[in-house]
Amino acid sequence: MEPQPKRLKGSQFATDAWVAYPVLSEEQSQEVELMEAFAVPIVNKKETSRLVRELNSLYPLNDLQHLKRVRACKEKGSPHPLEVLVCLVSEAPHMKLLSLHSLLPSGDVRHDGLGDPFVVRVPARPPLTRPQFELASKHWPTSFHEDKQVTVALRGELFSSPQKAAMHMYMMSAIAAAKAGGEMGMEVVGAVVVNPETQTVIAMGHDCRGDHPLHHAVIVCIDLVARSQGGGFYSFDRYPACRFTSEASDTLENVADAERRSQPYICTGYDLYVTREPCVMCAMALLHSRIGRVFYGTTSADGALGTKFKIHSQRDLNHRFEVYKGVLSNQCENLMRSGDNIQRLQEHS
Ligand SMILES: [Zn+2]
C-alpha cells in the first residue's frame, strides 16, 4: 500500500499552485432572483414605527422574511431619510395608477409622513452565501444567516497547510494510478479512497473499462473498499495499481473482529480523491456507498458533481456529501491531455 502522508514542508508539495473550491448546491450557486415591489419614501422619520406596524398588519412579508421593511437612503441629497417596503407588485393587482391613494386606499395605513410610491426590485429568496448576500443587499437590505464554513471555503481558505499537504499527496497517488492505467491502454483516470480520521489510504484504483465498460476508476475504488471489508464483486488483482488495505489488518484478531462488526457502510466518513469529475453513474455509486467528501482535480464535460449535475446536493436523494474541485488541477488537466494523446496514437497505430 502507499506510504501514509508525512508532515512534509508545504513547499515540497507546491500546495500553493492549487486551490480547492467547494462545489455548492444549485440554490447556493444561482444568481440572485429579483421581484418587483412597491416602496414609499418616509419623509417624516417620526412616523416610521407606526407605518411599519400598520404595514406589517396590512401586508405581512410572509414569504419574504429575509427582507428588511425599511431601508436608509444613503445617497447624498436624498430629500427623505428612509424608504419603506409596502408589498410585492403581484400583491396589489388593483393598482391602476402609481399613487399612494391607489396603493393604500383602505385607511388601514395613515398616509402621514409618506411620499410618492415607486417600484423597486427586491431579492426573491434569502441569500445562502456571502456573494449572494452582497449582491442581494445592493437591491434591498436583506438578513443573512451566514454559514462561516461556506464563506471560508468560497475564499479557498478552508484547508490548512498540513491538510493541503495531505490532500496533495492523496491526489498524487490518484495521478500515479491514472498513469498506470493509461499505460495499460485504459482511460487516464485514477482515484484514491482515504479514511481522513486515521489518514489511511483504504483503496486506490484506475479506470479499467478496457475489460468492462462500467469499470470507471471510482467504481473500481468503491469495489476495492468493499473488498477491504470482506465484500466486493470484482477482482482487479491483475492490475498492480488497483489495491486496497484493510484498516483492521494490523490489529489483534479479536480486535479485528470487533472492528469488522462496527465497520461503517462501505465509504461512510471516507474521502475520495479522483483526478477527473465523476460521471452520473460514479456519482450515484458514491452516494449509495455513503461517501463523506469528494475531491477532484479537473472538471468533465458530462460531470455529475458540478458541471452537468450536482448529485451530491440533491435534496430528494437520501445522502448528501461535500465536493471540492481544483486539487492539483493543472496536473489533472495535463493527465487528460496526455490521455487524449495516447488515444490518438493508438487510433493511428
Ligand atoms: Zn464514471
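# A tour from the seven-stranded sheet outward

Begin by selecting helix α8, residues 217–228, which lies across β6, β7, β8 and β9 and runs at about 140 degrees to β7. The model is a predicted one. With the whole chain shown, there are 11 helices and 11 strands. Of the 349 residues in the chain, 36% are buried. Among contacts between residues at least 6 apart in sequence, 65% join residues at least 24 apart.

**The sheet**

Next, colour the strands in the order β1-β11-β10-β9-β6-β7-β8; they form an open sheet of 7 strands with mixed pairing. The edges are held by β1 (21–22) and β8 (243–244), each with a single partner strand, so one side of each has no neighbour in the sheet.

Start at the β8 edge. Strand β7, residues 200–206, is joined to β8 by 2 bridges, and the two run antiparallel. Select alanine 203 to find one end of a bridge; its partner in β8 is phenylalanine 244.

Now move along to β9, residues 271–276, which runs parallel to β10 and is joined to it by 5 bridges. Leucine 272 stands opposite valine 294 of β10. Add helix α10, residues 280–288: together with β9 and β10 it makes a right-handed β-α-β unit.

Stay on β10, residues 293–298, where 5 of the 6 residues are buried. On to β11, residues 322–325, which is parallel to β10 and connected to it by 4 bridges. Arginine 293 has glutamate 322 of β11 as its bridge partner.

**The cores**

Return to the helices and select α7, which lies across β6 (190–195), β7, β9 and β10 and runs at about 145 degrees to β6. What should be picked out in the largest nonpolar core? It has 61 residues, and those with the most contacts inside it are Ala174, Val218, Cys221, Leu272 and Tyr273. Helix α7, residues 161–183, gives the most to this core, with 10 residues. In soluble globular proteins, nonpolar side chains tend to be buried together.

Centre the view on tyrosine 273. Leaving aside neighbours within four places in sequence, tyrosine 273 is in contact with Tyr170, Met171, Ala174, Ala191, Val192, Val194, Phe295 and Val327. Apart from the largest core lies another, of 19 residues, with Phe38, Leu51, Leu67 and Leu85 among them.

**Leucine 61**

For a loop position, select leucine 61, between α3 (48–58) and β3 (70–72). Is leucine 61 buried, exposed or partly exposed? It is partly exposed, because 17 other C-beta atoms lie within 10 Å, and 20 or more would be needed for a residue to count as buried. Beyond its neighbours within four places in sequence, leucine 61 is in contact with Leu67 and Arg69. Then add cysteine 87: it is 26 residues from leucine 61 in sequence, while the C-alpha to C-alpha separation is 7.5 Å.

**Helix α5**

The last stop is α5, residues 130–139. Show Gln132, Phe133 and Ala136, which are buried. They lie on the same side of α5, because they cover an arc of only 100 degrees around the axis. An α-helix has 3.6 residues a turn, so residues three or four places apart point the same way. To see what the buried residues of α5 pack against, display β5 (118–123).

Terms used:
Residues numbered from 1 in each chain as written. Predicted model: local features only at pLDDT ≥ 70, side-chain atom pairs only at ≥ 80, totals over all residues. Core = buried A, V, L, I, M, F, W, Y, C linked by C-beta atoms within 7 Å. Buried ≥ 20, exposed ≤ 12 C-beta atoms within 10 Å, placed from the backbone. Contact = placed C-beta atoms within 7 Å. Arc of directions from axis to C-beta. Pairing = 2+ DSSP bridges. Right-handed = clockwise from strand over helix to strand, strands pointing away. Axes fitted to C-alpha atoms, helices over the stretch in contact; angles between N-to-C directions.
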